[in-house]
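Me: Let us study this model together by question and answer. Please reason each reply out before giving the value or name requested.

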Amino acid sequence: MSSSSPLLSDEGVSRVRRKKDFSHMDRVDGRPVNILQGLELHTAVFSPEEQRAIVAAVLDLQDRGRRGLLRERTYSEPRKWMRGKGRATIQFGCCYNYAVDRDGNPPGIVRESAVDPLPPLLAAMVRRLVLWRVLPRACVPDSCIVNIYDVDDCIPPHVDSHDFLRPFCTASFLADCDILFGRSLKVLGPGEFGGAGSTAINLPAGSVLVLNGNGADVAKHCVPAVPAKRISITFRKMDAAKVPFGFTPHAMLQNLSAAAPPAVLRPGMTSTSTPPQPPQNTGAAEGQSPGGVPFSLSTDEFPSLGASSPAVRPAMTSTPLYRPHNTGAADQETQSAAARAATPKPQQAATPHNKNRVAPVTARQSAGGVPFGLSTDEFPALGALPASGRRPGRR
(Lines give C-alpha, C1' and ligand atoms only; values in the text may rest on other atoms or scores of the structure.)
Protein backbone atom coordinates (compact mmCIF):
# COMPACT_ATOMS: atom_id res chain seq x y z
CA MET A 1 0.00 0.00 0.00
CA SER A 2 1.16 3.55 -0.65
CA SER A 3 2.57 5.43 2.28
CA SER A 4 0.91 8.64 1.07
CA SER A 5 -2.54 7.05 0.80
CA PRO A 6 -2.81 3.89 2.94
CA LEU A 7 -6.53 3.54 2.13
CA LEU A 8 -6.07 2.78 -1.58
CA SER A 9 -2.95 1.45 -3.25
CA ASP A 10 -1.21 3.43 -5.99
CA GLU A 11 -0.71 0.17 -7.90
CA GLY A 12 -3.10 -1.15 -10.52
CA VAL A 13 -3.33 1.65 -13.08
CA SER A 14 -2.26 -0.77 -15.84
CA ARG A 15 -5.56 -2.70 -15.54
CA VAL A 16 -7.66 0.37 -16.39
CA ARG A 17 -9.27 0.48 -19.84
CA ARG A 18 -10.57 3.76 -21.27
CA LYS A 19 -13.22 4.44 -23.91
CA LYS A 20 -13.46 8.00 -25.19
CA ASP A 21 -15.05 7.64 -28.63
CA PHE A 22 -18.75 7.62 -27.75
CA SER A 23 -20.92 8.88 -30.56
CA HIS A 24 -24.66 9.36 -30.96
CA MET A 25 -25.94 11.96 -33.40
CA ASP A 26 -29.03 14.07 -32.76
CA ARG A 27 -30.23 17.34 -34.20
CA VAL A 28 -29.54 20.46 -32.14
CA ASP A 29 -30.77 23.78 -33.54
CA GLY A 30 -31.28 22.12 -36.89
CA ARG A 31 -27.83 20.57 -37.27
CA PRO A 32 -26.47 17.12 -36.41
CA VAL A 33 -24.48 17.03 -33.17
CA ASN A 34 -22.72 14.21 -31.29
CA ILE A 35 -24.56 14.53 -27.99
CA LEU A 36 -22.16 12.09 -26.29
CA GLN A 37 -19.05 14.16 -27.05
CA GLY A 38 -17.02 14.54 -23.85
CA LEU A 39 -18.01 11.24 -22.22
CA GLU A 40 -15.28 8.86 -21.05
CA LEU A 41 -15.73 5.40 -19.50
CA HIS A 42 -12.84 4.08 -17.41
CA THR A 43 -13.30 0.44 -16.37
CA ALA A 44 -11.56 -1.55 -13.59
CA VAL A 45 -10.57 1.63 -11.76
CA PHE A 46 -11.28 -0.19 -8.48
CA SER A 47 -10.34 -3.83 -7.92
CA PRO A 48 -12.91 -6.34 -6.57
CA GLU A 49 -11.29 -6.14 -3.12
CA GLU A 50 -11.41 -2.34 -3.15
CA GLN A 51 -15.03 -2.40 -4.31
CA ARG A 52 -16.00 -4.56 -1.34
CA ALA A 53 -14.22 -2.17 1.06
CA ILE A 54 -15.94 0.88 -0.48
CA VAL A 55 -19.39 -0.76 -0.38
CA ALA A 56 -18.88 -1.75 3.29
CA ALA A 57 -17.89 1.83 4.13
CA VAL A 58 -20.96 3.26 2.35
CA LEU A 59 -23.33 0.86 4.12
CA ASP A 60 -21.73 1.80 7.45
CA LEU A 61 -22.30 5.49 6.63
CA GLN A 62 -25.92 4.72 5.79
CA ASP A 63 -26.35 2.99 9.13
CA ARG A 64 -24.87 6.01 10.92
CA GLY A 65 -27.17 8.30 8.99
CA ARG A 66 -30.24 6.30 9.95
CA ARG A 67 -29.18 6.51 13.60
CA GLY A 68 -28.76 10.29 13.41
CA LEU A 69 -24.98 10.25 13.78
CA LEU A 70 -24.35 12.40 10.70
CA ARG A 71 -25.11 16.09 10.31
CA GLU A 72 -28.75 16.85 9.60
CA ARG A 73 -28.53 17.50 5.84
CA THR A 74 -25.88 14.83 5.16
CA TYR A 75 -28.20 11.80 4.98
CA SER A 76 -31.59 11.59 3.30
CA GLU A 77 -33.86 8.60 2.78
CA PRO A 78 -37.38 9.29 1.53
CA ARG A 79 -40.26 6.99 2.29
CA LYS A 80 -40.60 4.45 -0.50
CA TRP A 81 -44.28 4.88 -1.31
CA MET A 82 -44.07 3.83 -4.96
CA ARG A 83 -41.73 2.30 -7.52
CA GLY A 84 -38.69 4.47 -8.12
CA LYS A 85 -39.09 6.70 -5.03
CA GLY A 86 -36.83 5.19 -2.37
CA ARG A 87 -33.25 6.13 -3.33
CA ALA A 88 -31.17 7.14 -0.28
CA THR A 89 -28.49 9.83 -0.59
CA ILE A 90 -25.46 10.87 1.45
CA GLN A 91 -23.91 14.27 0.66
CA PHE A 92 -20.39 15.27 1.62
CA GLY A 93 -18.71 18.67 1.18
CA CYS A 94 -21.91 20.58 0.44
CA CYS A 95 -25.68 20.32 0.69
CA TYR A 96 -27.40 20.45 -2.69
CA ASN A 97 -31.12 21.19 -2.94
CA TYR A 98 -32.95 19.38 -5.73
CA ALA A 99 -36.02 21.57 -5.15
CA VAL A 100 -37.09 24.50 -2.96
CA ASP A 101 -36.68 23.30 0.63
CA ARG A 102 -38.81 24.02 3.70
CA ASP A 103 -36.67 27.10 4.47
CA GLY A 104 -37.31 28.59 1.02
CA ASN A 105 -33.82 27.90 -0.34
CA PRO A 106 -33.92 27.48 -4.15
CA PRO A 107 -32.42 24.47 -5.99
CA GLY A 108 -28.63 24.53 -5.82
CA ILE A 109 -25.88 24.48 -3.22
CA VAL A 110 -27.06 25.80 0.15
CA ARG A 111 -24.08 27.82 1.36
CA GLU A 112 -25.43 28.31 4.88
CA SER A 113 -26.09 24.59 5.46
CA ALA A 114 -23.25 22.39 6.68
CA VAL A 115 -22.85 18.70 5.94
CA ASP A 116 -20.11 16.27 6.91
CA PRO A 117 -16.76 16.60 5.06
CA LEU A 118 -15.45 13.95 2.68
CA PRO A 119 -14.56 10.79 4.65
CA PRO A 120 -10.92 9.70 4.23
CA LEU A 121 -11.78 6.72 1.99
CA LEU A 122 -13.75 8.91 -0.44
CA ALA A 123 -10.93 11.47 -0.46
CA ALA A 124 -8.54 8.61 -1.31
CA MET A 125 -10.84 7.71 -4.21
CA VAL A 126 -10.59 11.29 -5.52
CA ARG A 127 -6.82 11.15 -5.18
CA ARG A 128 -6.70 8.02 -7.32
CA LEU A 129 -9.00 9.48 -9.98
CA VAL A 130 -6.71 12.48 -10.39
CA LEU A 131 -3.37 10.66 -10.20
CA TRP A 132 -4.59 8.00 -12.65
CA ARG A 133 -5.78 10.75 -15.03
CA VAL A 134 -9.41 9.79 -14.93
CA LEU A 135 -10.07 13.42 -13.93
CA PRO A 136 -7.89 16.44 -14.80
CA ARG A 137 -5.73 18.06 -12.12
CA ALA A 138 -7.38 21.40 -12.87
CA CYS A 139 -10.72 20.08 -11.58
CA VAL A 140 -10.09 18.15 -8.35
CA PRO A 141 -13.49 17.27 -6.79
CA ASP A 142 -14.22 18.69 -3.35
CA SER A 143 -17.72 17.24 -2.83
CA CYS A 144 -19.70 14.12 -3.61
CA ILE A 145 -23.11 12.54 -3.39
CA VAL A 146 -23.57 8.85 -2.66
CA ASN A 147 -26.70 7.23 -4.14
CA ILE A 148 -27.90 3.95 -2.63
CA TYR A 149 -30.41 2.18 -4.87
CA ASP A 150 -32.66 -0.66 -3.82
CA VAL A 151 -34.46 -2.69 -6.49
CA ASP A 152 -36.66 -0.42 -8.69
CA ASP A 153 -35.05 2.83 -7.48
CA CYS A 154 -34.06 5.32 -10.21
CA ILE A 155 -32.88 8.84 -11.08
CA PRO A 156 -35.11 10.86 -13.46
CA PRO A 157 -33.79 12.74 -16.54
CA HIS A 158 -31.72 15.82 -15.69
CA VAL A 159 -28.64 17.93 -16.46
CA ASP A 160 -26.35 18.48 -13.47
CA SER A 161 -26.40 21.96 -11.97
CA HIS A 162 -23.71 24.44 -13.00
CA ASP A 163 -23.10 25.06 -9.32
CA PHE A 164 -20.58 22.31 -10.10
CA LEU A 165 -17.76 22.57 -12.64
CA ARG A 166 -17.12 20.26 -15.56
CA PRO A 167 -15.98 17.56 -15.78
CA PHE A 168 -17.51 15.48 -13.02
CA CYS A 169 -17.75 11.70 -12.68
CA THR A 170 -19.74 8.84 -11.21
CA ALA A 171 -18.35 5.54 -9.91
CA SER A 172 -20.49 2.38 -9.91
CA PHE A 173 -20.56 -0.45 -7.36
CA LEU A 174 -22.38 -3.71 -6.52
CA ALA A 175 -24.10 -4.23 -9.90
CA ASP A 176 -23.81 -3.25 -13.55
CA CYS A 177 -26.30 -0.61 -14.64
CA ASP A 178 -27.49 1.20 -17.78
CA ILE A 179 -27.50 4.98 -17.93
CA LEU A 180 -29.61 6.68 -20.62
CA PHE A 181 -28.63 9.81 -22.57
CA GLY A 182 -30.84 11.85 -24.85
CA ARG A 183 -32.04 15.31 -25.76
CA SER A 184 -35.73 14.43 -25.35
CA LEU A 185 -35.77 12.03 -22.40
CA LYS A 186 -39.12 11.88 -20.67
CA VAL A 187 -40.95 9.88 -18.02
CA LEU A 188 -42.84 6.91 -19.49
CA GLY A 189 -43.99 5.49 -16.16
CA PRO A 190 -42.75 4.88 -12.58
CA GLY A 191 -39.02 4.29 -12.96
CA GLU A 192 -39.29 4.13 -16.78
CA PHE A 193 -37.71 6.72 -19.09
CA GLY A 194 -37.13 7.04 -22.79
CA GLY A 195 -37.66 9.21 -25.82
CA ALA A 196 -36.74 9.66 -29.45
CA GLY A 197 -33.01 9.55 -30.02
CA SER A 198 -32.08 8.16 -26.58
CA THR A 199 -29.18 5.75 -26.14
CA ALA A 200 -27.89 3.59 -23.27
CA ILE A 201 -24.38 3.07 -21.91
CA ASN A 202 -23.63 0.16 -19.60
CA LEU A 203 -21.71 1.00 -16.41
CA PRO A 204 -19.84 -2.02 -15.02
CA ALA A 205 -19.19 -2.29 -11.30
CA GLY A 206 -15.81 -0.74 -10.49
CA SER A 207 -16.00 1.66 -13.44
CA VAL A 208 -16.02 5.47 -13.56
CA LEU A 209 -17.98 7.50 -16.12
CA VAL A 210 -16.66 11.04 -16.74
CA LEU A 211 -19.17 13.62 -17.98
CA ASN A 212 -18.00 16.67 -19.89
CA GLY A 213 -18.84 18.61 -23.05
CA ASN A 214 -22.07 17.72 -24.83
CA GLY A 215 -22.44 14.60 -22.70
CA ALA A 216 -22.76 16.79 -19.61
CA ASP A 217 -24.63 19.83 -20.93
CA VAL A 218 -26.45 19.05 -24.20
CA ALA A 219 -27.85 15.60 -23.41
CA LYS A 220 -29.90 14.79 -20.34
CA HIS A 221 -29.11 11.58 -18.49
CA CYS A 222 -31.05 9.27 -16.17
CA VAL A 223 -30.94 5.85 -14.51
CA PRO A 224 -34.09 3.76 -15.03
CA ALA A 225 -35.37 1.48 -12.26
CA VAL A 226 -32.49 -0.81 -11.34
CA PRO A 227 -32.98 -4.60 -11.24
CA ALA A 228 -30.58 -5.10 -8.30
CA LYS A 229 -29.15 -3.17 -5.35
CA ARG A 230 -26.59 -0.64 -6.56
CA ILE A 231 -24.38 2.15 -5.21
CA SER A 232 -23.04 5.11 -7.18
CA ILE A 233 -20.71 7.86 -5.96
CA THR A 234 -20.67 11.11 -7.95
CA PHE A 235 -17.65 13.37 -7.40
CA ARG A 236 -17.87 17.07 -8.36
CA LYS A 237 -15.94 20.29 -7.85
CA MET A 238 -17.97 23.24 -6.60
CA ASP A 239 -17.99 26.60 -8.34
CA ALA A 240 -15.86 28.95 -6.22
CA ALA A 241 -18.80 31.35 -5.90
CA LYS A 242 -21.01 28.58 -4.48
CA VAL A 243 -18.69 27.04 -1.89
CA PRO A 244 -20.37 26.83 1.56
CA PHE A 245 -19.28 29.37 4.15
CA GLY A 246 -16.50 27.99 6.32
CA PHE A 247 -15.69 25.17 3.88
CA THR A 248 -12.20 23.63 4.10
CA PRO A 249 -10.90 21.22 1.43
CA HIS A 250 -9.76 17.79 2.58
CA ALA A 251 -6.06 17.83 3.51
CA MET A 252 -5.37 14.84 1.22
CA LEU A 253 -6.53 16.86 -1.80
CA GLN A 254 -5.11 20.33 -1.18
CA ASN A 255 -1.82 19.86 -3.07
CA LEU A 256 -3.01 17.16 -5.42
CA SER A 257 -2.60 19.26 -8.59
CA ALA A 258 1.19 19.23 -8.12
CA ALA A 259 1.53 15.53 -7.24
CA ALA A 260 3.40 13.16 -9.56
CA PRO A 261 1.48 10.27 -11.16
CA PRO A 262 2.33 6.72 -10.08
CA ALA A 263 4.58 4.62 -12.28
CA VAL A 264 2.86 2.10 -14.54
CA LEU A 265 3.95 -1.46 -13.76
CA ARG A 266 4.53 -3.44 -16.92
CA PRO A 267 4.09 -7.24 -17.17
CA GLY A 268 6.74 -9.05 -15.16
CA MET A 269 7.39 -6.09 -12.86
CA THR A 270 6.48 -5.70 -9.21
CA SER A 271 6.36 -2.63 -7.00
CA THR A 272 9.96 -3.35 -5.94
CA SER A 273 11.28 -4.05 -9.43
CA THR A 274 13.73 -1.67 -11.04
CA PRO A 275 12.37 -0.55 -14.38
CA PRO A 276 14.70 -0.94 -17.37
CA GLN A 277 17.01 2.03 -17.69
CA PRO A 278 17.29 3.86 -21.01
CA PRO A 279 20.78 4.34 -22.54
CA GLN A 280 22.67 6.93 -20.57
CA ASN A 281 23.33 10.25 -22.23
CA THR A 282 26.44 11.64 -20.65
CA GLY A 283 26.29 15.25 -19.69
CA ALA A 284 22.51 15.35 -19.24
CA ALA A 285 21.31 15.38 -15.66
CA GLU A 286 17.95 13.95 -14.61
CA GLY A 287 15.17 16.30 -15.63
CA GLN A 288 17.41 18.01 -18.22
CA SER A 289 17.86 17.81 -21.94
CA PRO A 290 21.35 16.98 -23.31
CA GLY A 291 21.94 20.72 -23.49
CA GLY A 292 21.24 21.11 -19.79
CA VAL A 293 17.90 22.85 -20.24
CA PRO A 294 15.17 21.79 -17.77
CA PHE A 295 12.12 20.24 -19.36
CA SER A 296 8.69 19.00 -18.28
CA LEU A 297 6.34 16.37 -19.66
CA SER A 298 2.83 17.46 -20.57
CA THR A 299 -0.29 15.30 -20.70
CA ASP A 300 0.09 15.23 -24.50
CA GLU A 301 3.27 13.23 -23.97
CA PHE A 302 1.41 10.72 -21.78
CA PRO A 303 -1.29 9.20 -24.03
CA SER A 304 -4.13 7.09 -22.65
CA LEU A 305 -3.34 3.46 -21.93
CA GLY A 306 -3.29 1.46 -25.13
CA ALA A 307 -2.74 4.52 -27.31
CA SER A 308 0.19 4.82 -29.68
CA SER A 309 3.27 6.79 -28.75
CA PRO A 310 3.08 10.54 -29.29
CA ALA A 311 4.38 11.93 -32.52
CA VAL A 312 7.94 13.22 -32.56
CA ARG A 313 7.97 16.95 -32.17
CA PRO A 314 9.52 18.87 -35.08
CA ALA A 315 12.93 20.36 -34.49
CA MET A 316 13.05 24.03 -33.65
CA THR A 317 14.32 26.27 -36.43
CA SER A 318 16.41 29.39 -36.12
CA THR A 319 13.86 31.54 -37.93
CA PRO A 320 12.16 34.21 -35.82
CA LEU A 321 8.91 33.12 -34.17
CA TYR A 322 7.28 36.48 -34.86
CA ARG A 323 7.58 38.84 -37.81
CA PRO A 324 5.93 42.25 -38.19
CA HIS A 325 3.16 42.52 -40.76
CA ASN A 326 4.92 45.47 -42.51
CA THR A 327 7.78 43.31 -43.74
CA GLY A 328 9.11 45.96 -46.14
CA ALA A 329 9.63 48.52 -43.43
CA ALA A 330 11.03 45.85 -41.11
CA ASP A 331 13.55 44.70 -43.76
CA GLN A 332 14.68 48.27 -44.32
CA GLU A 333 15.07 48.76 -40.62
CA THR A 334 17.03 45.51 -40.36
CA GLN A 335 19.37 46.59 -43.16
CA SER A 336 19.84 50.01 -41.55
CA ALA A 337 20.62 48.38 -38.22
CA ALA A 338 23.14 46.07 -39.91
CA ALA A 339 24.80 49.01 -41.65
CA ARG A 340 25.05 50.94 -38.41
CA ALA A 341 26.49 47.90 -36.66
CA ALA A 342 29.13 47.47 -39.41
CA THR A 343 30.34 51.11 -39.10
CA PRO A 344 33.15 51.33 -36.53
CA LYS A 345 32.45 53.76 -33.76
CA PRO A 346 35.12 55.78 -31.94
CA GLN A 347 35.84 54.60 -28.44
CA GLN A 348 34.81 56.99 -25.72
CA ALA A 349 36.89 57.45 -22.68
CA ALA A 350 35.21 56.55 -19.42
CA THR A 351 34.09 59.73 -17.74
CA PRO A 352 31.90 60.25 -14.74
CA HIS A 353 29.12 61.13 -17.15
CA ASN A 354 29.21 58.11 -19.47
CA LYS A 355 30.87 55.21 -17.70
CA ASN A 356 27.57 53.68 -16.51
CA ARG A 357 25.46 54.73 -19.45
CA VAL A 358 23.55 51.97 -21.26
CA ALA A 359 22.46 52.32 -24.88
CA PRO A 360 18.71 52.84 -25.02
CA VAL A 361 16.47 50.16 -26.50
CA THR A 362 14.06 51.52 -29.07
CA ALA A 363 10.41 50.59 -29.21
CA ARG A 364 11.05 48.13 -32.05
CA GLN A 365 14.34 46.67 -30.82
CA SER A 366 15.04 43.92 -28.35
CA ALA A 367 17.87 44.28 -25.85
CA GLY A 368 20.14 42.51 -28.36
CA GLY A 369 19.43 45.09 -31.05
CA VAL A 370 17.26 42.79 -33.20
CA PRO A 371 14.14 44.46 -34.61
CA PHE A 372 10.86 42.81 -33.74
CA GLY A 373 7.15 43.58 -33.69
CA LEU A 374 4.42 41.73 -31.77
CA SER A 375 0.88 42.28 -32.99
CA THR A 376 -2.23 41.15 -31.17
CA ASP A 377 -2.86 38.72 -34.01
CA GLU A 378 0.51 37.04 -33.50
CA PHE A 379 0.34 37.01 -29.72
CA PRO A 380 -3.24 35.88 -28.94
CA ALA A 381 -4.80 35.21 -25.58
CA LEU A 382 -3.76 31.99 -23.83
CA GLY A 383 -5.38 28.93 -25.40
CA ALA A 384 -6.64 30.84 -28.46
CA LEU A 385 -5.46 30.47 -32.04
CA PRO A 386 -4.19 33.47 -34.05
CA ALA A 387 -6.75 35.18 -36.22
CA SER A 388 -4.83 33.92 -39.26
CA GLY A 389 -5.76 30.35 -38.25
CA ARG A 390 -2.07 29.51 -38.15
CA ARG A 391 0.02 28.80 -35.07
CA PRO A 392 2.97 31.23 -34.65
CA GLY A 393 6.32 29.89 -35.68
CA ARG A 394 4.85 27.14 -37.89
CA ARG A 395 5.52 27.59 -41.58
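Me: Is F173 buried or exposed?
Reply: This is a predicted model, in which residues are numbered from 1 along each chain as its sequence is written, and side-chain values use heavy atoms, with hydrogens and water left out. Local features need pLDDT of at least 70 and side-chain atom pairs count only at pLDDT 80 or more, whereas totals for chains, interfaces and linings use all residues. A residue is called buried under 20% relative accessible area, exposed over 50% and partly exposed in between, with a 1.4 Å probe and protein chains only. F173 has a relative accessible area of 0%, so the class of F173 is buried.

Me: What kind of aromatic pair do F46 and F173 form?
Reply: Rings of Phe, Tyr and Trp (its six-membered ring) pair if their centres lie within 6.5 Å; planes under 30 degrees apart are stacked, over 60 edge-to-face and the rest tilted. By this rule there are three aromatic pairs. The rings of F46 and F173 are 5.7 Å apart, centre to centre, with 45° between the planes. This pair is therefore classed as tilted.

Me: How many residues apart in sequence are the parts that the pair of F46 and F173 ties together?
Reply: Helices (H or I, at least four residues) and strands (E, at least two) are DSSP runs, numbered from the N terminus. F46 lies in the loop between strand 4 (40-43) and helix 1 (48-66), while F173 lies in strand 11. F46 is buried, with a relative accessible area of 1%. The separation of the parts tied together is 127 residues.

Me: Which kind of pair do the rings of Y96 and Y98 form?
Reply: A pair of aromatic rings is described by the distance of the centres and the angle of the planes. For Y96 and Y98, the centres are 5.1 Å apart. Their planes stand at 85°, so the pair is edge-to-face.

Me: Which residue joins Y96 and Y98 in a cluster of ring pairs?
Reply: Y96 is buried, at 13% relative accessible area, whereas Y98 is exposed, at 52%. Ring pairs link both tyrosines into a cluster with F164.

Me: About how much space lies in the largest cavity?
Reply: On a 1 Å grid over the protein atoms alone, a cavity is a set of points where a 1.4 Å probe fits but cannot get out, and lining residues have an atom within 4 Å of a point. Grid points are joined across faces, edges and corners, and a volume is the space filled by probe spheres set on the points. The whole structure has one cavity of 30 Å³ or more. The space in the largest cavity is about 30 Å³.

Me: Which strand gives the most to the lining of the largest cavity?
Reply: The lining consists of Q91, C94, Y96, S143, C144, I145, F164 and R236. Three lining residues come from the strand that gives the most, namely strand 9.

Me: How many disulfides are there?
Reply: A disulfide is a pair of cysteine sulfur atoms within 2.5 Å. The closest cysteine sulfur to that of C95 is in C94, at 7.4 Å, and is too far for a bond. For C144, which is buried at 5% relative accessibility, the closest cysteine sulfur is also in C94, at 9.0 Å, again too far. The count of disulfides is zero.

Me: Which residue of strand 18 stands opposite C144?
Reply: Two strands pair if DSSP finds at least two bridges between them. Strand 9 (residues 143-149) and strand 18 are antiparallel partners over seven bridges. In strand 18, the residue opposite C144 is F235.

Me: Which residues of strand 18 point the other way from R230, S232, T234 and R236?
Reply: In a regular strand the side chains alternate between the two faces of the sheet. In strand 18 (residues 230-236), seven of seven residues are buried. The residues pointing the other way from R230, S232, T234 and R236 are I231, I233 and F235.

Me: Which residue does a cis peptide bond join to R166?
Reply: Most peptide bonds are trans. Here omega is about 0° in the bond that follows R166. The partner is in the loop between strand 10 (155-158) and strand 11; it is P167.

Key: 1 Å grid on protein atoms, 1.4 Å probe; cavity = no way out; pocket = protein on both sides within 12 Å on 5 of 7 lines; lining within 4 Å.
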